[in-house]
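The following exercises are to be worked with the sequence and the model in view. Each task is followed by a solution in steps.

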Amino acid sequence: MKIAIGTTSAPKVAGVQDAINACPYFDTVRDNIEYILEKVPSDVADMPLSLEVTLEGARNRAMNLIKKGIIADFYVGIEGGVWSVLDRKVLGGTIFIINKEGERHFWISEAMEVPPIVERMLYEEGKELGP
């Protein structure tokens, strides 16, 4: 089984591998999984500032793996971002998965409130949280 991941970031790849290892669906093939790591663009801002754009970035990464001609059973896109919940900003991540049949699924991580000083850096100064 081949799983293409749209990043070469070690923590993100480890997160996907940990999830695969915990999922009983993969019990019979776990020893035969080949991970294909490919850095692909999200086609959204470097620091997405809404849940919709964050999820769109994860979807685009999965789709861009397919567009590159990579052959896999699953295509995984990951994107982190900041979005609004009530009157607060929160930081979270999204994962978008497409299987070889074209079925699409997404996941939204737990979120953490962003302190006001960080919110100002993101929204007023245009900075981003990661490299």
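**Exercise 1.** Determine whether Leu 86 is buried or exposed, and examine its backbone.

*Solution.* Leu 86 is exposed, with a relative accessible area of 86%; buried means under 20% relative accessible area, exposed over 50%, and partly exposed in between, with a 1.4 Å probe and protein chains only. Next, locate the residue: Leu 86 is found in the loop between β3 and β4. Helices (H or I, at least four residues) and strands (E, at least two) are DSSP runs numbered from the N terminus. Finally, consider phi: Leu 86 is not a glycine, yet its phi is positive, about 55°. Most residues other than glycine have a negative phi.

The model is a predicted one, in which local features need pLDDT of at least 70 and side-chain atom pairs count only at pLDDT 80 or more, while totals for chains, interfaces and linings use all residues. Residues are numbered from 1 along each chain as its sequence is written, and side-chain values use heavy atoms, with hydrogens and water left out.

**Exercise 2.** Carry out the analysis for Asp 43, stating its phi.

*Solution.* The phi of Asp 43 is near 60°, a positive value in a residue other than glycine. Asp 43 belongs to the loop between β2 (34-37) and α2. Its relative accessible area is 52%, and Asp 43 is exposed.

**Exercise 3.** Describe helix α2 and state which residues in it are buried.

*Solution.* Begin with the length: α2 (residues 51-67) has 17 residues and reaches 24 Å from its first C-alpha to its last, close to the 24 Å expected at 1.5 Å a residue. The expected span is 1.5 Å times one less than the number of residues. Then list the buried positions: Thr 54, Leu 55, Gly 57, Ala 58, Asn 60, Arg 61, Ala 62, Asn 64 and Leu 65. An α-helix has 3.6 residues a turn, so residues three or four places apart point the same way. The buried residues of α2 pack against β1 (2-5), β3 (74-85), β4 (88-99) and β5 (104-108). After the helix comes Gly 69, with a positive phi near 85°.

**Exercise 4.** State how many residues make up the largest nonpolar core, and which element gives the most to this core.

*Solution.* The largest nonpolar core has 12 residues in all, including Ala 4, Ile 36, Tyr 75, Phe 96 and Ile 98. Such a core is a set of buried Ala, Val, Leu, Ile, Met, Phe, Trp, Tyr and Cys residues joined through side-chain atoms within 4.5 Å. Two or more residues come from each of α2 and β4, and α2 gives the most, with 4 residues.

How values were computed: Contact means heavy atoms within 4.5 Å.
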